[in-house]
Amino acid sequence: MPGQDHEFTMRFLAGPENRNMYGNVHGGSMMKWMDEGAGTCAAGWCGLPCVTVAVSGITFHKPVAIGHIVEVRARLINTGRTSMHIAVNVSSRDPRFGTFEHTTSCMMAFVALDAEGRPTPVPKWEPTTPEDLALQARAIRLKELGQDIQEELVAFKLVGEAKC
Ligand SMILES: CC(C)(COP(=O)(O)OP(=O)(O)OC[C@H]1O[C@@H](n2cnc3c(N)ncnc32)[C@H](O)[C@@H]1OP(=O)(O)O)[C@@H](O)C(=O)NCCC(=O)NCCS
């Protein structure tokens, strides 16, 4: 139901098709899983199709071994008018023993689309717990930092256009 589900978790095995040259999970596979988990969380919150618009601060803290269980946890931490900010944390463990270890994290922004593919309003997230309020403040700070980064990137875009 829109405006109610604000968390989504998925678990699966890291299969051999995700192997990089060094025998661990490829970074691109990890980013795809994070995008899928966060996108499902965003769609569950707004009840609409959503597209990824930005990824902030993705960090690969530890490698994930092929054959290990991967857990992707996505959590809504802020909403704008049409956008949603999702914190994504990934952890993994050997299926035979051990506990989950944190491996990867980022914040992703999604935009809800109407039937014509235009940005459309989403239910407002109104945090009440100290933890959720702190996460929302962090999301707003990251959004502001993202705007600064976009401005810095304008120079790169102009270089790219000139060469094409
Ligand atoms: C996402 C998209 C529809 C937004 O279009 P747009 O013309 O920028 O729309 P708007 O300017 O109205 O912005 C819509 C929302 O996106 C947010 N947004 C836009 N660019 C952003 C960025 N770089 N970072 C974070 N949020 C951003 C805006 O702040 C706004 O949020 P709000 O309504 O909560 O204030 C458009 O950029 C797009 O189609 N991008 C490609 C998406 C895609 O293909 N993703 C990969 C596959 S899923």
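This passage looks at the surroundings of the ligand and then at strand β4 in a predicted model.

Start with the ligand. A shell of 13 residues surrounds it, and A54, G80, R81, T82 and S83 are the closest of these. Three elements each give two or more residues to this shell: strand β2 (residues 50-60), strand β5 (residues 101-112) and helix α2 (residues 130-163). Of the elements, β2 supplies the largest share, with 4 residues. As for chemical character, the shell around the ligand is made up of 6 nonpolar residues, 6 polar ones and 1 charged one.

Now for strand β4, which covers residues 83-93. Burial here is counted from neighbours: a residue is buried if 20 or more other C-beta atoms lie within 10 Å of its own. By that count, 8 of the 11 residues of β4 are buried, so the strand is largely enclosed by the rest of the structure.

What does β4 pair with? One partner is β3 (residues 69-79), which runs antiparallel to β4 and is linked to it over 10 bridges. A hairpin of 3 residues takes the chain from β3 to β4. Within this pairing, N78 has H85 of β4 as its bridge partner. Another partner is β5, and here too the pairing with β4 is antiparallel, with 10 bridges. In that pairing, M84 sits opposite F110 of β5. A general point helps when looking at such strands: in a regular strand, side chains alternate between the two faces of the sheet.

Notes:
Residues numbered from 1 in each chain as written. Predicted model: local features only at pLDDT ≥ 70, side-chain atom pairs only at ≥ 80, totals over all residues. Near = placed C-beta within 6 Å. Nonpolar A, V, L, I, M, F, W, Y, C, P; charged D, E, K, R; others polar. Buried ≥ 20, exposed ≤ 12 C-beta atoms within 10 Å, placed from the backbone. Pairing = 2+ DSSP bridges.
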